[in-house]
2 protein chains.
Amino acid sequence: MTGYTKRRLSSAAMGMVAERFKVLSEPMRLRLLYSLMDGEKNVSELVAETGSAQANVSRHLSVLLDAGILGRRKEGTSTHYHIADESIFELCNLVCGSIYDRLAAELDELDAPPRH
Amino acid sequence: MTGYTKRRLSSAAMGMVAERFKVLSEPMRLRLLYSLMDGEKNVSELVAETGSAQANVSRHLSVLLDAGILGRRKEGTSTHYHIADESIFELCNLVCGSIYDRLAAELDELDAPPRH
DNA sequence: TCGCTATATCGCTCTATAGCGATATAATGT
DNA sequence: ACATTATATCGCTATAGAGCGATATAGCGA
């Protein structure tokens, strides 16, 4: 299962990848993405669901927008955001799986006799 | 292609996911992972390959180790690190693909007539 | 035991950004 | 035009962490 070919990555590309991960490294932004998995929502709804201040929600939404992860649609006075980059779903599933494996392994350690 | 079921995520779980992304959000750490894709290496080799100071390399390696992404094997006075969590490969491929798509889309914009 | 080398850790400065309250902008109805 | 509501942006403070030089620790050979 280790049949991965190593991509050739310039340091510029590496920076872009790092940047993408950074965008996803804020709990608040993940909460917004999580909310938006149900479908498009406007800022007020997101403020209500996350319980965070409107200024914060708005700024995090622009970060996600600038990263190309979200898209938006203005309608009258309100702005509706939606997930534009579906790869986010797979990404989160991968990370969740990996975290799950890690936790399971740590639980195993607890069962096993101490080793030092 | 949107057949993803939304995982139920506690805010604690969300924090763990964010944490995992945060670990991957440093270019230097990605460079270390990239180097280690060739196989196990010791700290000196990684210092040489990345051109960064030993203190930095060492600290970033411990971050990756604590996150469960790397494993290590001590041998005499030197320490060999290797990738322990293979999901990193898929993760990077996903992100690279997503970035590639985005860049391609932006290039398209440039060809298309300006719209404002 | 005494250096010598490899690695880890410490203390520091500097930068980035989260969250906050206040304010600005924009669309709508009166 | 004005008030109202929705959203975006600004200025601020506080905190986290990257990179750096210096130092500490650990294994090894003389």
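Hi everyone, this is a short walk through how two protein chains meet two DNA strands, and how one sheet is put together. Please keep in mind that this is a predicted model.

Let's start with DNA strand C. Which residues are the closest to DNA strand C? They are Ala55(A), Gly76(A), Ser44(B), Ala55(B) and Ser78(B), out of 20 residues that surround the strand. Chain A brings α4 (54-66) to this surface, while chain B brings α3 (43-50), α4 (54-66) and β3 (78-83), each with at least two residues. The largest share, six residues, comes from α4(B). By class, you will find six nonpolar, 12 polar and two charged residues here.

Now turn to DNA strand D. Around it there are 20 residues, and the closest are Ser44(A), Ala55(A), Ser78(A), Ala55(B) and Gly76(B). Two or more residues each come from α3 (43-50), α4 and β3 (78-83) of chain A, and from α4 of chain B. Which helix gives the most to this surface? That is α4(A), with six residues. The classes near DNA strand D are six nonpolar, 12 polar and two charged.

Finally, let's look at the strands of chain B. β3(B) runs antiparallel to β1 (residues 41-42), joined by two bridges, and Lys41(B) sits opposite Tyr81(B) there. β3(B) also pairs with β2 (residues 70-75), again antiparallel, over six bridges; Arg73(B) has His80(B) as its bridge partner. β2(B) and β3(B) make a hairpin with two residues between them. In that turn, Gly76(B) has a positive phi of about 65 degrees, and Gly76(B) is also among the closest residues to DNA strand D.

Thanks for listening!

Terms used. Residues are numbered from 1 along each chain as its sequence is written. Chains are lettered from A and ligands numbered from 1 in the order in which they are written. This is a predicted model: local features need pLDDT of at least 70, side-chain atom pairs count only at pLDDT 80 or more; totals for chains, interfaces and linings use all residues. A residue is near a molecule or strand if its C-beta atom, placed from the backbone, lies within 6 Å of it. Helices (H or I, at least four residues) and strands (E, at least two) are DSSP runs, numbered from the N terminus. Ala, Val, Leu, Ile, Met, Phe, Trp, Tyr, Cys and Pro count as nonpolar, Asp, Glu, Lys and Arg as charged, and the others, Gly among them, as polar. Two strands pair if DSSP finds at least two bridges between them.
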